[in-house]
Amino acid sequence: MELVEIKEGKSRFLVPAQDENLNFPPGSAPVFFNKRMEINRDLTILLLKCLDAENYLDAMGASGSRGIRVSKECNIHAIINDKSAEAISLIEYNRETYAPEAEVTQCDANVIMSERRFDVVDIDPFGTPAPFIDAAAGCAKKYLFITATDTAPLCGAHLKAGMRRYFARPLNNEYHSETGLRILLGFAVREIVKYDRGVEPLFCFAKEHFVRLHLKLTYGAGRADKAMENIGYIHQCPKCPYRTEQKGLLPKTLYCEECGAPLTAVGPLWTGPVSRTDIIEQMQEMLPDSELGTQNKIEKLLATCKDELETSSFYDYHVLSRHWKVSPVAIETVIERLKEKGFRASRVHYAGTGIKTDAPLSEIRESLS
Ligand code: SAM
């Protein structure tokens with residue numbers, strides 16, 4: 001395996017060589033590394049600087065990139081694990097050379113997560129994290145970070161796989177990226193509350209081909225019940241843009257208030273906030289001094305996430321224009337017009353053409369052209 005040294009943030013480590021354009025897929029090397037996930041790793045570093053943690057389990061280390069960075073850049077004791085012998089050789093080299101304070105273990109993630117406990121647990125598999133969340137729920141003392149790259153099942157493009165993995169019904173429409181995030185979050189909450197633990201999303205986002213959750217875990221049946229109150233459904237009209245939300249484990253039978261059609265229930269999923277404003281503000285404060293390679297992208301992402309309304313779905317401005325056969329004004333103008341009328345409205349981090357608002361469809365339609 002040909003290796004190259006790369007620099008991310010304030011850290012250096014070796015990874016399998018890839019060409020400049022990342023032309024051969026990251027999973028094809030004997031040890032996994034995806035340069036496009038730098039923003040995901042940068043955000044882990046930035047968030048950890050705002051949290052109170054003494055140790056961190058990188059349960060699926062691959063090259064060890066995350067754990068090495070956490071050790072060097074956050075000064076948190078990192079335990080880097082992987083089940084693959086080839087990955088462990090590379091992680092060992094990287095540890096010895098770049099982060100001697102870190103610890104390396106080789107075992108199945110579910111085994112280490114069942115035997116030891118850590119302040120922060122990070123699960124970053126290739127594909128679905130579903131088989132690991134149960135063990136992680138007991139292993140994480142304070143925080144649980146989860147990456148999912150199986151966006152097709154989560155977003156409804158592979159409907160049956162999504163239902164098998166997450167026990168929820170997705171919907172492959174214009175806001176599927178948000179539904180995917182909320183289905184994963186809803187699934188994680190259901191896996192965690194069975195141990196009488198509460199869950200609070202600190203900063204969750206969806207980008208390109210992945211979803212990333214950063215969760216705070218608490219203790220007590222009361223807190224678990226409180227988290228459960230946010231499990232619910234989106235009900236989407238199959239004929240028009242109308243949708244509504246409901247909290248509660250059982251889906252209600254609802255009808256479209258615009259055209260009378262029976263609504264399609266999407267979920268169960270998380271219907272509460274996906275991020276905490278105070279955490280985003282702390283991350284914004286920390287950002288300028290953190291020397292992160294994706295600083296500009298992070299700046300934009302954090303600003304959009306901070307302003308994003310708490311509704312569980314968004315409207316796509318192009319889809320609405322096509323539906324009503326109108327030629328739309330600029331998206332910023334639509335948002336300004338809605339705000340002038342006294343409604344709340346924002347852009348969304350999920351899509352450049354997304355709008356969140358509490359305005360009814362008639363008002364959105366008036367503001368669109
Ligand atoms: N976190 C890494 C990064 O940011 O570069 C990428 C991790 S890669 C997507 C997934 C890794 O998980 C692979 O190295 C694979 O060997 C490891 N893995 C898969 N299943 C595992 C399991 N059950 N236990 C431990 N490691 C596992």
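How do the residues of the shell around the ligand divide into nonpolar, polar and charged? They divide into 9 nonpolar, 4 polar and 6 charged, where Ala, Val, Leu, Ile, Met, Phe, Trp, Tyr, Cys and Pro count as nonpolar, Asp, Glu, Lys and Arg as charged, and the others, Gly among them, as polar.

This is a predicted model, in which local features need pLDDT of at least 70 and side-chain atom pairs count only at pLDDT 80 or more, while totals for chains, interfaces and linings use all residues. Residues are numbered from 1 along each chain as its sequence is written, and side-chain values use heavy atoms, with hydrogens and water left out.

**Stop 1: the ligand**

Select the ligand and the 19 residues that surround it, each with a heavy atom within 4 Å of it. The closest are Arg41, Ser65, Asp82, Ala109 and Asp124.

Next, show the side chain of Asp124, where an N or O atom is 2.6 Å from a nitrogen atom of the ligand. In the side chain of Asp82, an N or O atom is 2.7 Å from an oxygen atom of the ligand. Arg66 places a polar side-chain atom 3.2 Å from a ligand oxygen. Taken alone the ligand exposes 610 Å², and the protein buries 89% of that (accessible areas by the Shrake-Rupley method with a 1.4 Å probe).

Then colour helix 2 (65-74) and strand 4 (77-82), the elements that give two or more residues to the shell around the ligand. Helices (H or I, at least four residues) and strands (E, at least two) are DSSP runs, numbered from the N terminus.

**Stop 2: a salt bridge**

Select Asp150 and Arg165, which form a salt bridge with the closest N and O atoms 3.0 Å apart. Asp150 lies in the loop between strand 7 (140-148) and helix 6 (151-155) and Arg165 in helix 7 (residues 159-166), so the pair ties together parts that are 15 residues apart in sequence. The structure holds 26 salt bridges, each a side-chain nitrogen of Lys or Arg within 4 Å of a carboxyl oxygen of Asp or Glu.

**Stop 3: the backbone**

Most residues other than glycine have a negative phi, and most peptide bonds are trans. Go to Ala62, in the loop between strand 3 (55-58) and helix 2; its phi is positive, near 60 degrees. Finish at Pro268 in strand 13 (residues 264-270). The peptide bond from Gly267 to Pro268 is cis, with omega near 5 degrees.

Terms used. A polar contact is a pair of N or O atoms within 3.5 Å; within protein, one must be able to donate a hydrogen and the other to accept it, and residues adjacent in sequence count only if both atoms are side-chain atoms.
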